[in-house]
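This report looks at one pocket, one helix and one buried side chain, and it should be read alongside the model itself.

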Amino acid sequence: MKNIITIATLFLSFVSFAQIKVLETVPVEKLGKVNNNYIQKIGDEYTVYYTSIQNDDDSSALRKFSFKNVNNDYASLYSIIMNGFTASPLYDIKLELPNNYIWLHYTGSVIPEKATVQFMVSSKEATSATSSVSEPFVKDQINKLFQK
């Protein structure tokens, strides 16, 4: 009986002070992709990765902006972008996200399928007020990016 208590005590001390713990993971889901641009979903947070063609620091790199899908914001962003293609006249739309401001810059064309939109992103943080501009996307590319 004494040996059983000793073994149980040793076993419980090893279990309670283990160095390895299993943590819950959230699956990473890559949604649509166009060239090097893509949308990634982790839980209820969406991150849009885009190739920047114009930066404050003059480097071409992959940039991102993120938002949580609180009130179906993912579908709302898609609708806002798509409705901008059919607006007459085409005009820029300014959006506010938790950490960024995003301007949807539309460039018109006589042929509606050739109209483009660019993401112009600037940080809200005063200390790192950086801005960047994405490559232009046509309507079909936005559909592919958002998997529609």
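Which residues does Asn 100 touch, not counting residues up to four places away in sequence? In this predicted model, Asn 100 touches Phe 65, Leu 95, Val 121, Ser 122, Ser 123 and Lys 124. Asn 100 has its place in strand E6, which covers residues 100–107, and because its relative accessible area of 11% is under 20%, Asn 100 counts as buried.

Two of these contacts, Phe 65 and Leu 95, also belong to the lining of the second largest pocket, in which about 150 Å³ of space lies. Other residues of that lining include Phe 67, Asp 73, Ser 76, Leu 77, Ile 80 and Ile 102. By residue type the lining divides into eight nonpolar, one polar and two charged residues. The elements that each supply at least two residues of the lining are set out below.

| Element | Residues |
|---|---|
| Strand E4 | 62–68 |
| Helix H2 | 73–86 |
| Strand E5 | 93–96 |

The largest share of this lining, four residues, comes from H2. At 1.5 Å a residue, the 14 residues of H2 should span 20 Å, and this agrees with the 20 Å that separates its end C-alpha atoms. Within H2, the buried residues are Tyr 74, Leu 77, Tyr 78, Ile 81, Met 82, Gly 84 and Phe 85; seen down the axis of H2, these buried residues fall within an arc of 150°, so they line one face of the helix. The face of H2 turned away from that buried side carries Asn 83 and Thr 86, which are exposed. Leu 77 thus has a place in both descriptions, being buried in H2 and lining the second largest pocket.

Note on methods:
Residues numbered from 1 in each chain as written. Predicted model: local features only at pLDDT ≥ 70, side-chain atom pairs only at ≥ 80, totals over all residues. Heavy atoms only, no water. 1 Å grid on protein atoms, 1.4 Å probe; cavity = no way out; pocket = protein on both sides within 12 Å on 5 of 7 lines; lining within 4 Å. Points joined across faces, edges and corners; volume = space filled by probe spheres on them. Nonpolar A, V, L, I, M, F, W, Y, C, P; charged D, E, K, R; others polar. Expected span 1.5 Å × (residues − 1). Buried < 20%, exposed > 50% of the residue type's maximum accessible area, 1.4 Å probe, protein only. Arc of directions from axis to C-beta. Contact = heavy atoms within 4.5 Å.
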